[in-house]
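Visitor: Please bring up the structure. I would like to ask how each descriptive term is justified.

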2 protein chains.
Amino acid sequence: MFLSKLDSLNNALKLINDNQKVCDIEEISIYDAHKRVLAEDIIAFHDSPPFDKSAMDGYALIAEDTFGSSQSNPREFKIIDAIGAGDFSSKKVNNNEAIVIATGAPIPDGANAVLMKEYTTDERDDLTIYSQVTPGENISPKSEDIKKGDLILSKNTFIRYQELGLIASAGYDKVKVFKKPRVKVIITGNELIEPTKDEIDKAKIINSNQFTIKSMIEESGAICEISHAGDSFDEVKKAILDASENYDVIMTTGGTAISKGDVVLDVVDDVGDILFHGVAIRPGKPIGAGIVNNKMIFTLSGQPVAAMSQFDIFARKYLFEMQGRSFDFNIVKRTSLLKIPSQLGRTDFIRAFSDDDYAKHVLNRGSGIIRSMVEANSYIIIDENDEGYQKDDLVDVVFFNSLVW
Amino acid sequence: MFLSKLDSLNNALKLINDNQKVCDIEEISIYDAHKRVLAEDIIAFHDSPPFDKSAMDGYALIAEDTFGSSQSNPREFKIIDAIGAGDFSSKKVNNNEAIVIATGAPIPDGANAVLMKEYTTDERDDLTIYSQVTPGENISPKSEDIKKGDLILSKNTFIRYQELGLIASAGYDKVKVFKKPRVKVIITGNELIEPTKDEIDKAKIINSNQFTIKSMIEESGAICEISHAGDSFDEVKKAILDASENYDVIMTTGGTAISKGDVVLDVVDDVGDILFHGVAIRPGKPIGAGIVNNKMIFTLSGQPVAAMSQFDIFARKYLFEMQGRSFDFNIVKRTSLLKIPSQLGRTDFIRAFSDDDYAKHVLNRGSGIIRSMVEANSYIIIDENDEGYQKDDLVDVVFFNSLVW
């Protein structure tokens, strides 16, 4: 039995995309909606501001009455009322009259500007002004931010803090969003143990994937639960079937068993359908994916770096798009500080430290060397049709911080 | 009373920095340590891997015995044992012997390479190989990732998923991190109401700051609680004093009261010390900061966009550095697609939509227009010594996604 033909990256990604699912919709409080994805269009229930609003503490008056006023040419007004925030005045401002007004209060009838308090002096009802204002000055006009009835945000918009503020201003106390996918991670490998300071038994290895992969799932907006299974076909089969009934997505790490081929993929083949197994990438070649009980399963490597890269390349987009958020690598061009050899027919995801100008790849980068991910903030991606790059060539870079939810 | 002299941005930032505090340290489970900041150096308790480890499913053997083997020139070996993951073999490999080995299992004595299963056939104890390997091939050498006793991560490192994996591999089941600061936000403004679809009473305005500022605090790694206070001196005083006893940081929004100057700053002056009030920036000029009961208080504007910008300019760094994480704007150069006027003596933070090459500022950007933040992904920063830029000039840009925790 020789090395089976590897799928191309594009073909593998297409197979996943063909099986993309989208989560159900739920209605949640606006208080919980930060970093969720809209599952409805937001149509404004109100104008915002709902009235012409003072942008300053000062005096509402008629701008034309202030023309020509200055420090050396003060002018006198009569104060006829005062409006605090949350209040309004039923009085109308006539020529050479002024109403005291707080930031956020509605402009009274007749007035068309607010003169800041700092440019005035007052004594009881007598106001002296030392500056002029233009019509509309220091007024936030009604509906300048939001117009009642307008579509202000579309379905599938990711809710950052500013979108959240806009949705609240539009009158929504609840909002429809896509549910978070629930992901079950099954860690396989008889050699794996929990972190411990004590001496480690011979042939045992501390399991780091449960920490890295869980964190990556959570920073993709999803909910993660970890479980463990031994390397036997029956144990893995039971774990995968259970997960397929109770979770939206399944991921496994490791699980190659001696003399039996890859036990995880054998199980997927037995209880579901394999989409692909083995892709022409580095690191992460042994990646597999399949469908069990109508749920997507990603079979990640046991090697820590391979597993992280496989997650970035295959699983991250799937989790984003389950939540209604489109996702593609944001590829930028940087100058490579080093020569990078690569192999035709294979897509390389090379850990690198990059800034706004340059990319420098990490030299020591075996697929088990977590330090290589710690030293990196980006991938240099080398297409399967490229044989690598010379020093000073422009290369394709994806920053890790462009991948987060 | 005329407009008091504004502080320069640099002076205001220095005053905050002079009063920077750092949170206490707590020891937490490694399971909860993602996105926290190390408060201790991480010294490895173990080598990782702890032994020479097979990187493949295959056969451990002596590389030199395989030299010259090929499809047309197969060679015969005797299989003497099998090692599953988590197990080890007490047998030694001699010339022309092989031991079946699983990925992750320890290389047996005598062997110096692993030949992948795919390049072999076997029948009972007889192995035929069709390829050669070099010494060390498919072996992850002991301690290639981590060397026992080495300093692998320093205090003040932010724990991404890859750092978390490294810490676990080094044997830590608990880790010392900086506590999360607890922030009390006091929303002031008699005009403010909760989001509602129903018709809004005259002079009332939906409060969006509680949503935006809370989200910004949480995405800075901190814990936020919101409360409300009316615009009266006594109410605000009580709220600020209570907060100063029970929280690490206080923020207020709005709260300018008619005829009394700024009620929030009056309270800070009464119960603590004002560091500054009024800074030469746009938006966000009315920003204040002070110390009450030895706690930092930021007095943000009621205007939604001003409050968000003030948070980014003043509060975000303070919250990061309380948690032991250094923070400075990551300023990059982009070509402005539009002319940008600015005023000497004032630092402008102009909302813009930028990509890897260009920056285009949002045109409609009153400090109450939340939509201007929704349309933006970055600030163009114009220094107080610059009078603005022409189209095609290089400008300083900070991306919003470079500000997050």
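**Terms and evidence**

Visitor: Which residue in S28(A) is the bridge partner of A:Ser378?

Guide: A:Phe399 is the bridge partner of A:Ser378 in S28(A). This is a predicted model, in which local features need pLDDT of at least 70, side-chain atom pairs count only at pLDDT 80 or more, and totals for chains, interfaces and linings use all residues. Residues are numbered from 1 along each chain as its sequence is written, and chains are lettered from A and ligands numbered from 1 in the order in which they are written.

Visitor: What makes strand S26 (residues 378-382) of chain A and S28(A) a pair?

Guide: Two strands pair if DSSP finds at least two bridges between them. S26(A) and S28(A) have 4 bridges, in the antiparallel sense, so they qualify. S28(A), residues 394-399, is also joined to strand S22 (residues 332-336) of chain A by 4 bridges, again antiparallel. There A:Arg334 has A:Val395 as its bridge partner.

Visitor: How many helices and strands does chain A have?

Guide: Chain A has 7 helices and 28 strands. They are DSSP runs numbered from the N terminus: helices are H or I with at least four residues, strands are E with at least two.

Visitor: Why is B:Asp348 called buried?

Guide: A residue is buried if 20 or more other C-beta atoms lie within 10 Å of its own, exposed if 12 or fewer, and partly exposed in between, with C-beta atoms placed from the backbone. B:Asp348 has 21 such neighbours, so it counts as buried. It lies in strand S24 (residues 347-354) of chain B. Leaving out residues up to four places away in sequence, B:Asp348 touches B:Arg282, B:Ser342 and B:Ile382; two residues are in contact if their C-beta atoms, placed from the backbone, lie within 7 Å.

Visitor: Why is helix H2 (residues 161-169) of chain A described as largely enclosed?

Guide: 9 of its 9 residues are buried, so the rest of the structure largely encloses H2(A). Among them are A:Tyr161, A:Glu163 and A:Ser169. A:Gly171, which follows H2(A), has a positive phi, near 105 degrees.

Visitor: What is the radius of gyration of chain A, and what would a compact globule have?

Guide: Chain A has 31 Å, against near 22 Å for a compact globule of 405 residues. The radius is taken over C-alpha atoms, and the globule rule is 2.2 Å times the number of residues to the power 0.38. Along its principal axes the C-alpha trace spans about 100 × 50 × 45 Å. Buried residues are 53% of the 405 in chain A.

Visitor: How do you know how the two copies are related?

Guide: Chain A can be laid on chain B with an RMSD of 0.0 Å by a turn of 180 degrees and a shift of 0.0 Å along the axis. The copies are therefore related as by a two-fold rotation axis. In chain A, the C-alpha of A:Asn401 is the nearest to that axis, at 3.8 Å. The superposition is by least squares on the C-alpha atoms of residues with pLDDT of at least 70 in both copies.

Visitor: Why is it said that the copies meet through the same surface?

Guide: 100% of the interface residues of chain A are also interface residues in chain B, so the surface is the same. 74 residues of chain A are in contact with 74 of chain B. H2(A) gives the largest share of chain A's side, 8 residues.

Visitor: What is the strand order of the open sheet of 6 strands in chain A, and which strands are its edges?

Guide: The order is S16-S13-S17-S21-S20-S18, with mixed pairing. The edges are strand S16 (223-229) and strand S18 (273-277) of chain A, each pairing on one side only. Strand S13 (residues 182-188) of chain A runs parallel to S16(A), with 7 bridges, and A:Ile187 stands opposite A:His228.

Visitor: Which residues of strand S9 (residues 126-129) of chain B point to the buried face?

Guide: B:Leu127 and B:Ile129 point to one face and are buried, while B:Asp126 and B:Thr128 point to the other and are not. In a regular strand the side chains alternate between the two faces of the sheet. Strand S8 (residues 120-123) of chain B pairs antiparallel with S9(B) over 4 bridges. S8(B) and S9(B) form a hairpin with 2 residues between them, and B:Arg124 in the turn has a positive phi of about 50 degrees.
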